[in-house]
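User: I am new to reading protein structures, and I would like to understand why certain words are used for what I see. Could you take me through the reasoning, one term at a time?

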Amino acid sequence: MPDTESHPASYQKHEVPLEYLTKWQEAIDVLASIYKVPAGLIMRVLPQQIEVLISSRRENNPYEPGEKANLKTGLYCETVMSSRDMLHVPNALKDPDWKDNPDVDLNMISYIGMPLIWPDNTVFGTVCVLDEQELNSNADYIQLIKQFKDMIERDFQMLKRNEDLETASRELAEARELADRANSAKSAFLANMSHELRTPMNAIIGYSELLMEEAADTDQEDSVPDLLKIHQAGNHLLSLINSVLDLSKIEAGRMEVFAEDFDVAVLLDQVVGTVQPLIEKNNNRFVLLQAPDLGNVHQDATKLRQSLLNLLSNAAKFTKDGTITLNAERESQSDGEWLNISVSDTGIGIPADKLDEVFVEFSQAEASTTRDHGGTGLGLPISERFCRMLGGDVGVSSILGEGSTFTIRIPAICPTVDATESALK
Ligand code: ADP
């Protein structure tokens with residue numbers, strides 16, 4: 001009897017999509033017809049059995065697709081799989097090794113088969129032909145079945161590649177999902193920490209103010225400069241904390257839009273009042289170009305104000321002895337009224353290849369700007385997200401060494417769509 005004990009302890013089943021089965025069916029039909037045998041088969045091994053995957057559509061073929069046979073029963077195919085080599089049995093009835101094998105009971109007394117090997121070098125099964133008569137082969141016949149084997153194994157390569165791609169993209173999706181979850185957990189944590197961080201900072205700022213007043217009242221002016229430094233550092237830290245928390249709140253989907261009616265000119269007036277000292281600090285001239293028809297809008301005033309303050313304080317920060325221009329217009333479009341507010345400066349400008357990056361969190365156009373001008377790289381990303389929450393956007397154009405223009409464009413009426421989602425797009 002052939003050696004059937006040496007097959008691996010466990011075979012592994014490989015899945016094949018329908019389109020390949022259809023193609024292989026055609027091929028096996030051709031193979032069996034060229035050989036003039038009833039049975040041409042593609043067999044697939046399962047952990048403990050072997051199954052007929054494809055069977056030629058010919059008369060007197062005793063094998064039905066889907067039929068299974070147990071391993072370790074002396075099958076021709078099992079020997080092919082364990083030896084990983086071709087097997088040719090011209091006539092089992094004349095061969096003491098093969099005369100009792102299970103296929104003889106089906107009148108299949110001759111066999112030529114080759115192993116099919118999956119790209120990871122595990123056994124898939126066999127491709128074989130069986131006949132009810134003696135089957136004497138020649139080199140052409142062997143070559144033919146070899147070519148079928150090669151064709152099927154090339155298809156395996158494709159299948160394996162698709163499988164690998166699917167696994168990789170599934171793993172990528174899982175990794176992304178994990179990263180997203182970690183990110184929202186981080187954002188949620190920071191948003192929850194908001195109170196815990198702001199309260200002590202406000203205490204430091206408040207008490208330093210109190211101490212400064214007391215120092216002035218009790219003739220201890222010497223300590224005022226130090227207290228002022230505590231006060232300024234506290235304010236700086238608070239604004240940093242606020243930026244980080246704003247961003248986290250947006251990312252955690254907890255930043256809400258509060259639209260209300262307000263007069264645009266009044267808001268601009270407040271904003272200009274706030275940044276005026278900053279603009280003058282670097283000896284800059286300020287120009288306000290304000291169209292007379294700005295009127296009222298129904299928008300989130302706080303977010304628009306903060307975005308404008310970010311743009312204006314950047315302009316003030318990156319411009320010396322220059323001009324900063326705030327230009328506000330109202331525009332009527334087929335999809336409604338829009339507000340265009342631009343902040344232009346004649347400052348250092350931004351290199352063309354860094355223009356996209358200025359809206360990325362924590363990124364700054366030049367490492368040296370951080371040294372010279374400070375900042376966190378959070379102002380623009382937050383402004384962009386705010387403007388998107390308001391149904392609009394913010395854009396930039398700049399020429400290095402000549403200046404920059406940032407333009408906020410928002411609808412006069414804030415859309416009520418899921419604003420957080422649009423900010424995150
Ligand atoms: P920050 O100003 O705190 O660094 P921002 O997000 O507001 O963060 O800006 C990001 C970067 O964009 C700045 O560091 C700077 O390099 C560049 N930038 C922003 N506004 C201007 C401007 N008006 N002129 C030149 N560069 C600018």
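Analyst: Let us begin with a definition: axes are lines fitted to C-alpha atoms, for helices over the stretch in contact, and angles run from 0 to 180 degrees between N-to-C directions. Please keep in mind that this is a predicted model. With that in hand, the axes of helix α1 (residues 18–35) and helix α3 (residues 139–217) come within 11 Å and cross at roughly 175°.

User: Why is α1 called roughly antiparallel to α3?

Analyst: Angles over 145 degrees count as roughly antiparallel. The axes of α1 and α3 cross at roughly 175°, which is over that cut-off, and therefore α1 is roughly antiparallel to α3.

User: Which residues of α1 and α3 meet, and how do they divide by class?

Analyst: On the α1 side they include Tyr-20, Trp-24, Ile-28 and Leu-31, and among those they meet in α3 are Ile-145, Phe-148, Ile-152 and Phe-156. By class, this contact has 17 nonpolar, 1 polar and 2 charged residues.

User: What makes α3 and α4 roughly antiparallel, and what is the hand of their crossing?

Analyst: The two helices pack at an angle of about 160°, with their axes 8 Å apart. Because about 160° is over the cut-off of 145 degrees, α3 and α4 are called roughly antiparallel. Their crossing is left-handed, and the contact has 18 nonpolar, 10 polar and 6 charged residues.

User: Why are α4 and α8 called oblique to each other?

Analyst: Helix α4 (residues 224–251) and helix α8 (residues 379–389) pack at an angle of about 40°, with their axes 10 Å apart. Roughly parallel would need an angle under 35 degrees, and roughly perpendicular one from 65 to 115. An angle of about 40° fits neither range and is not over 145, so α4 and α8 are oblique to each other. The contact is made by Ser-243, Asp-246, Leu-247, Ile-250 and Glu-251 of α4 together with Ile-382, Arg-385 and Phe-386 of α8, and these residues divide into 4 nonpolar, 1 polar and 3 charged.

User: How do you know that Met-255 is buried?

Analyst: Buried means under 20% relative accessible area. Met-255 has a relative accessible area of 10%, and so it is buried. This residue lies in the loop between α4 and β7 (260–263).

User: And why is Thr-323 called buried too?

Analyst: Its relative accessible area is 19%, which is also under 20%, and therefore Thr-323 is buried. Thr-323 is in strand β10, where it touches Arg-285, Val-287, Ser-344, Asp-345 and Thr-346, not counting residues up to four places away in sequence.

User: What makes Lys-36 exposed, and what is said of its phi?

Analyst: Exposed means over 50% relative accessible area, and Lys-36, with 65%, is therefore exposed. Lys-36 is found in the loop between α1 and β1 (39–45). Its phi is positive, about 60°, although Lys-36 is not a glycine. Most residues other than glycine have a negative phi.

User: Why does Asp-321 count as exposed?

Analyst: Asp-321 has a relative accessible area of 57%, which is over 50%, so it counts as exposed. Asp-321 is in the loop between α6 and β10, and its phi, near 50°, is a positive value in a residue other than glycine.

Definitions and conventions: Residues numbered from 1 in each chain as written. Predicted model: local features only at pLDDT ≥ 70, side-chain atom pairs only at ≥ 80, totals over all residues. Heavy atoms only, no water. Helix = DSSP H or I, 4+ residues; strand = E, 2+ residues; numbered from the N terminus. Contact = heavy atoms within 4.5 Å. Nonpolar A, V, L, I, M, F, W, Y, C, P; charged D, E, K, R; others polar. Buried < 20%, exposed > 50% of the residue type's maximum accessible area, 1.4 Å probe, protein only. Left-handed = near helix turned anticlockwise from the far one by under 90°.
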